[in-house]
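User: Could you take a close look at one part of this model for me? I'd like one connected walk-through rather than a list.

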Amino acid sequence: MSSPLADEPVEPADEDAEPLTDDEYAEYLAELGPAWEVVDDHHLEASYEFDDFADALAFTNEIGELAEAEWHHPDIHLSWGEVGVEMWSHDVGGLHEADFVMAARMDRIYDGEGDE
């Protein structure tokens, strides 16, 4: 079952927002699936595994549609049987709550629960 974080709105950072500190993002990270980790206190990374290229591509397309709908775009790396994702809020130069909401929604899609 997915995290309740996936039900939260993807709110963009305020103009004067600062990146989350490690204490601030630790609680959000705990709500995500095991694929996610914070790298260099700057961005989230995850790697999702699939049985073949077609399934990996389908997942890539679903998270691409999510990104367009929410106007919050990850870096996506597609290869045979694997999709890598990097996520951070460029406006704040690091992590924001919206990144964790998007990550939780990607977990939900991966778990077959859809993006809604």
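Analyst: A quick word on naming before we dig in: helices and strands here are DSSP runs, numbered from the N terminus, with at least four residues for a helix and at least two for a strand. Keep in mind that this is a predicted model.

With that naming, His96 sits in the loop between β4 and α3. Is His96 buried or exposed? Its relative accessibility is 13%, and the cut-off for buried is under 20%, so His96 counts as buried. Skipping neighbours within four places in sequence, the contacts of His96 are Glu11, Pro12, Ala13, Leu20 and Ser89.

Two of those names come back at the largest pocket, which has a volume of about 230 Å³. It is lined by 14 residues, and the ones closest to its centre are Pro12, Trp71, His72, Ser89 and Asp91. Sorted by class, that lining holds six nonpolar, five polar and three charged residues.

Now for the helix that follows the loop. Helix α3 covers residues 97-110, so to speak 14 residues in a row. From first C-alpha to last it reaches 20 Å, close to the 20 Å you'd expect at 1.5 Å a residue. How much of α3 is buried? The count is 12 of its 14 residues, so the helix is largely enclosed by the rest of the structure. The buried set includes charged residues, among them Asp99, Arg105, Asp107 and Arg108, alongside Phe100, Val101, Met102 and Ile109, to pick a few others. What do they pack against? The partners are α1 (22-30), β1 (37-39), β2 (43-49), α2 (53-70) and β4 (82-87). Just past the end of α3, Gly112 takes a positive phi of about 80 degrees.

Since α2 is one of those partners, let's look at it from its own side. Its 18 residues should span 26 Å at 1.5 Å a residue, and the end C-alpha atoms are indeed 26 Å apart. The buried residues of α2 are Ala56, Phe59, Thr60, Ile63, Leu66 and Ala67. Looking down the helix axis, they fall within an arc of 125 degrees, so they line one face of α2. The face turned away from that buried side carries the exposed residues Ala54, Glu65 and Ala69. As for what covers the buried residues of α2, the list includes β2, β3 (75-79), β4 and α3.

Key
Residues numbered from 1 in each chain as written. Predicted model: local features only at pLDDT ≥ 70, side-chain atom pairs only at ≥ 80, totals over all residues. Heavy atoms only, no water. Expected span 1.5 Å × (residues − 1). Buried < 20%, exposed > 50% of the residue type's maximum accessible area, 1.4 Å probe, protein only. Contact = heavy atoms within 4.5 Å. 1 Å grid on protein atoms, 1.4 Å probe; cavity = no way out; pocket = protein on both sides within 12 Å on 5 of 7 lines; lining within 4 Å. Points joined across faces, edges and corners; volume = space filled by probe spheres on them. Arc of directions from axis to C-beta.
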